[in-house]
Amino acid sequence: MTAGIRAIVDINQMAADFKSSIVLRTSDSKFIDVKSILGLSIILYQTHSYHLEIHGPDEEEAKTAMIHIFKKHNLQVDVNR
C-alpha cells in the first residue's frame, strides 16, 4: 500500500473509533467528513494545511488521536480549541 493510501486508511479508521463529528476544512475552505473514506481520498493531498473541527461526547480524546495520526503521516493539522 502506498504511503498516501495508508494515511487515508489510518486517518479514516481512527476517526471511525469516535462518536464525535470530525470534519476536515482545507485551506481553500472545502469541508469533508473524515469518516468518509471517499471524501478523504479526494481531498487529503490537494493542500498542505488542514483544520479539524471536532465536536461531540468524546471530542477531547478524538482531538488527541487525530493530531497524532496526522503527525504520524507528516501532515500539518490544527484542531478547534
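The following paragraphs lead through a predicted model, beginning with its sheet and ending with its salt bridges and surface.

The sheet offers a convenient starting point. Four strands form an open sheet in the order 2-1-3-4, with mixed pairing. Strand 2, residues 31–33, and strand 4 stand at the edges with a single partner strand each, so one side of each has no neighbour in the sheet. On average, neighbouring strands of this sheet are turned by 30 degrees against each other, direction ignored. As a general point, strands of a sheet pair through backbone hydrogen bonds, in either a parallel or an antiparallel sense.

The individual pairings show how the mixed pattern arises. Strand 1 and strand 2 are antiparallel and pair over three bridges. These two strands form a hairpin with four residues between them. Within that turn, S29 has a positive phi of about 65 degrees. Strand 1 is also antiparallel to strand 3, and that pairing extends over six bridges. Strand 3, residues 49–55, and strand 4 instead run parallel, joined by four bridges.

A path across the sheet can be followed through particular residues. F31 in strand 2 is the bridge partner of R25. R25 in turn stands opposite H51 in strand 3. From H51, the path continues to D78, its bridge partner in strand 4. Read in this order, F31, R25, H51 and D78 lead from strand 2 by way of strand 3 to strand 4.

The side chains of the strands can be considered next. In a regular strand, side chains alternate between the two faces of the sheet. Strand 1, residues 21–26, follows this alternation: I22, L24 and T26 point to one face and are buried. S21, V23 and R25 point to the other face and are not buried. Strand 4, residues 76–79, likewise has alternating side chains, with V77 and V79 buried on one face. On its other face lie Q76 and D78, which are not buried. R25 and D78, already met on the path across the sheet, thus belong to the side chains that are not buried in strand 1 and strand 4 respectively.

The parallel pair of strands leads to the helices. Strand 3, helix 3 and strand 4 make a right-handed β-α-β unit. The loop between helix 3 and strand 4 contains N74. The phi of N74 is near 55 degrees, a positive value in a residue other than glycine. N74 counts as exposed because its relative accessibility is 73%. H68, which is found in helix 3, is also exposed, with a relative accessible area of 53%.

Salt bridges occur both within helices and between them; the count comes to four. In helix 1, residues 3–16, R6 and D10 are four residues apart, about one turn of the helix. They form a salt bridge whose closest N and O atoms are 2.8 Å apart. R6 is partly exposed, at 32% relative accessible area, whereas D10 counts as buried because its relative accessibility is 11%, under the 20% limit. D10 also forms a salt bridge with K72, the closest N and O atoms being 3.3 Å apart. K72 lies in helix 3, residues 59–72, and D10 in helix 1, so this pair ties together parts that are 62 residues apart in sequence. R6, D10 and K72 are therefore linked in a network of salt bridges.

Helix 3 holds a further pair. K63 and E60 are three residues apart in this helix, about one turn. Their side chains meet in a salt bridge of 3.5 Å, N to O. The two partners differ in exposure: K63 counts as buried at 8% relative accessibility, whereas E60 is exposed at 51%.

The surface also carries a nonpolar patch. I37, L38 and I42 form this patch, with about 300 Å² of accessible area together. I42 lies in helix 2, residues 37–43. The exposed H68 of helix 3 and I42 are 26 residues apart in sequence and 21 Å apart in space, C-alpha to C-alpha.

Key:
Residues numbered from 1 in each chain as written. Predicted model: local features only at pLDDT ≥ 70, side-chain atom pairs only at ≥ 80, totals over all residues. Heavy atoms only, no water. Buried < 20%, exposed > 50% of the residue type's maximum accessible area, 1.4 Å probe, protein only. Patch = residues over 30% accessible without salt bridge, like charges linked within 9 Å, V, L, I, M, F, W, Y side chains within 5 Å. Areas by Shrake-Rupley, 256 points an atom, 1.4 Å probe, with all protein chains shown as cover. Pairing = 2+ DSSP bridges. Right-handed = clockwise from strand over helix to strand, strands pointing away. Axes fitted to C-alpha atoms, helices over the stretch in contact; angles between N-to-C directions.
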